[in-house]
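Here are some exercises to work through with the structure open beside you. Try each task before you read its solution.

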Amino acid sequence: MKVLVTGGAGFIGGNFVHHMVNKYPDYQIVNLDLLTYAGNLETLKPVEDKPNYKFVKGDIADEAFIMDLFEKEKFDVVVNFAAESHVDRSIEDPGIFVQTNVMGTRVLLDASRKFGVKRYHQVSTDEVYGDLPLDRPDLFFTENTPIHTSSPYSASKASADLFVLAYHRTFGTPVTVSRCSNNYGPYHFPEKLIPLMISRALADEELPVYGNGENVRDWLHVSDHCEAIDLIIHKGKVGEVYNIGGHNERTNLQVVQTILKALDKPESLIKYVKDRPGHDRRYAIDPTKIETELGWKPKYNFDTGIAQTIQWYLDNEDWWKHIISGEYQNYFAEMYKDRL
Ligand code: NAD
Ligand code: TYD
């Protein structure tokens with residue numbers, strides 16, 4: 001079996017490449033990534049010499065290149081992680097989100113159709129459902145919750161999902177879609193909440209908490225997400241959407257306090273800053289479908305997962321210090337100039 005993983009030099013795609021290369025020595029895993037600011041070949045070091053792994057640099061939205069690659073490689077399965085993934089960047093520059101997340105997905109779907117891919121899997125997000133009110137802890141996103149997006153990022157991911165499902169209905173393309181809650185774990189780019197707070201707390205720098213810190217995210221360890229996608233591509237039903245989440249809701253403030261406590265740093269580092277425009281209040285997944293139909297169960301809860309993750313950042317300083325010493329400095333200065 002030959003599997004194309006797009007965006008495999010990013011956070012979740014990189015973890016998924018490790019998972020697949022190690023678990024399935026008989027599969028060929030091809031990692032296609034454009035190596036944008038978020039792509040990092042250092043993440044692939046542990047697998048780069050394995051005989052069942054290959055890296056290809058390229059753009060999922062480059063139609064001629066993608067058609068050539070599919071013709072040559074004859075993929076059985078495509079798992080599309082490649083995306084622009086940061087909400088704050090989508091507020092600054094929505095165009096690239098449409099280009100990569102929507103146009104790129106359309107190109108991959110056409111190539112999958114043309115070259116008879118047996119399964120196209122779209123890695124999506126719970127953000128396509130919009131948000132839930134903070135005073136209704138009884139409400140959760142199910143696969144039937146209407147799509148109702150808030151940010152240019154979530155709008156682009158929702159558009160892509162609609163194309164994927166339309167290709168199934170119209171052309172019979174064998175697709176599946178997964179919508180996962182917020183991930184955390186090794187190799188997470190330090191623009192996102194958890195690695196940003198770990199790296200800054202270690203340097204005794206201010207921790208910018210948007211608004212009042214009461215927004216809620218439902219955190220899932222990246223390895224549990226990878227297991228879920230592995231299950232869906234092998235056992236999931238074509239044409240179906242699967243929500244993925246492990247009931248680990250925390251306010252942003254709770255997350256930051258947990259990190260500070262684990263690192264023995266003072267809460268005086270917390271700085272409440274200008275809120276994100278359109279900031280979604282609460283995400284919370286109902287994972288009943290994937291649990292009952294596919295038997296998925298997460299291995300980590302938030303307490304065990306965050307401890308493992310903090311230890312990883314302590315043990316792998318080279319990986320993230322290399323990132324934050326480069327172009328990232330300009331990003332941080334620009335993004336937080338009116339905040340810190
Ligand atoms: P990431 O930003 O860490 O990685 C994205 C990767 O895609 C990078 O390696 C980048 O170089 C690559 N890429 C970008 N544009 C490309 C293009 N045009 N062609 C080829 N490669 C390109 O993102 P992530 O956090 O690993 O997220 C991966 C996927 O999972 C995304 O589709 C995202 O929407 C989805 N998702 C993320 C989360 C989360 O919490 N991070 C949760 C649910 C779903
Ligand atoms: P993020 O990691 O960007 O993921 P998403 O917006 O896709 O959920 O942010 C997680 C939460 O943390 C979100 O409510 C915004 C908040 N946040 C901060 O308070 N400060 C920050 O510096 C960042 C990056 C995020």
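Before we start, one definition: helices (H or I, at least four residues) and strands (E, at least two) are DSSP runs, numbered from the N terminus. Please also keep in mind that this is a predicted model.

**Exercise 1. Two unusual backbone angles**

Task: Find where Lys74 and His247 lie, and decide for each whether the residue is buried, partly exposed or exposed.

Solution:
- Step 1. Start with Lys74, in the loop between α2 (63-73) and β4 (77-80). Its phi is positive, about 50°, although Lys74 is not a glycine.
- Step 2. Now check its surface. Exposed means over 50% relative accessible area. Lys74 has 57%, so it is exposed.
- Step 3. Move on to His247, which sits in the loop between β11 (241-244) and β12 (249-251). His247 is not a glycine either, yet its phi is positive at about 55°.
- Step 4. The relative accessibility of His247 is 45%, so this residue counts as partly exposed.

**Exercise 2. Looking for disulfides**

Task: Work out how many disulfides the structure holds, and why Cys180 does not form one.

Solution:
- Step 1. Recall what we are looking for: a disulfide is a covalent bond between the sulfur atoms of two cysteines. The cut-off used here is 2.5 Å between the sulfur atoms.
- Step 2. Take the sulfur of Cys180 and look for the closest cysteine sulfur. That one belongs to Cys226, 9.3 Å away, which is too far for a bond.
- Step 3. Turn it round: for Cys226, the closest cysteine sulfur is in Cys180, so the distance is again 9.3 Å and too far.
- Step 4. The count is therefore zero disulfides, because the distance from Cys180 to its closest partner is too great.
- Step 5. As an extra, look at the surroundings: Cys180 is buried, with a relative accessible area of 2%, and Cys226 is buried with 2% as well.

**Exercise 3. Strands side by side**

Task: Describe how β1 and β2 pair.

Solution:
- Step 1. Locate strand β1 at residues 2-6; this strand and β2 pair in the parallel sense, over five bridges.
- Step 2. Pick out one position: Lys2 stands opposite Gln28 in β2.
- Step 3. Check the cover of β2 (residues 28-33). Five of its six residues are buried, so this strand is mostly covered.

**Exercise 4. Around ligand 1**

Task: Which residues come closest to ligand 1, and which element gives the most to its shell?

Solution:
- Step 1. Of the 28 residues around ligand 1, the closest are Ile12, Asp33, Ser85, Tyr153 and Lys157.
- Step 2. Add a side-chain contact: an N or O atom in the side chain of Asp33 is 2.6 Å from an oxygen atom of ligand 1.
- Step 3. Add a backbone contact: a polar backbone atom of Leu34 is 3.1 Å from a nitrogen atom of the ligand. The protein covers 97% of the 840 Å² of accessible area that ligand 1 has on its own.
- Step 4. Among the elements, β5 gives the most to the shell, with three residues.

**Exercise 5. Around ligand 2**

Task: Which classes of residue make up the shell around ligand 2?

Solution:
- Step 1. Sort the shell by class: nine nonpolar, four polar and five charged residues.
- Step 2. Pick out two contacts. A polar side-chain atom of Arg217 lies 2.7 Å from an oxygen atom of ligand 2, and one of Arg276 lies 2.5 Å from an oxygen atom of the ligand.

Terms used: Residues numbered from 1 in each chain as written. Chains lettered and ligands numbered in written order. Predicted model: local features only at pLDDT ≥ 70, side-chain atom pairs only at ≥ 80, totals over all residues. Heavy atoms only, no water. Buried < 20%, exposed > 50% of the residue type's maximum accessible area, 1.4 Å probe, protein only. Polar contact = N/O pair within 3.5 Å; in protein donor to acceptor, adjacent residues only side chain to side chain. Nonpolar A, V, L, I, M, F, W, Y, C, P; charged D, E, K, R; others polar. Near = heavy atom within 4 Å. Areas by Shrake-Rupley, 256 points an atom, 1.4 Å probe, with all protein chains shown as cover. Pairing = 2+ DSSP bridges.
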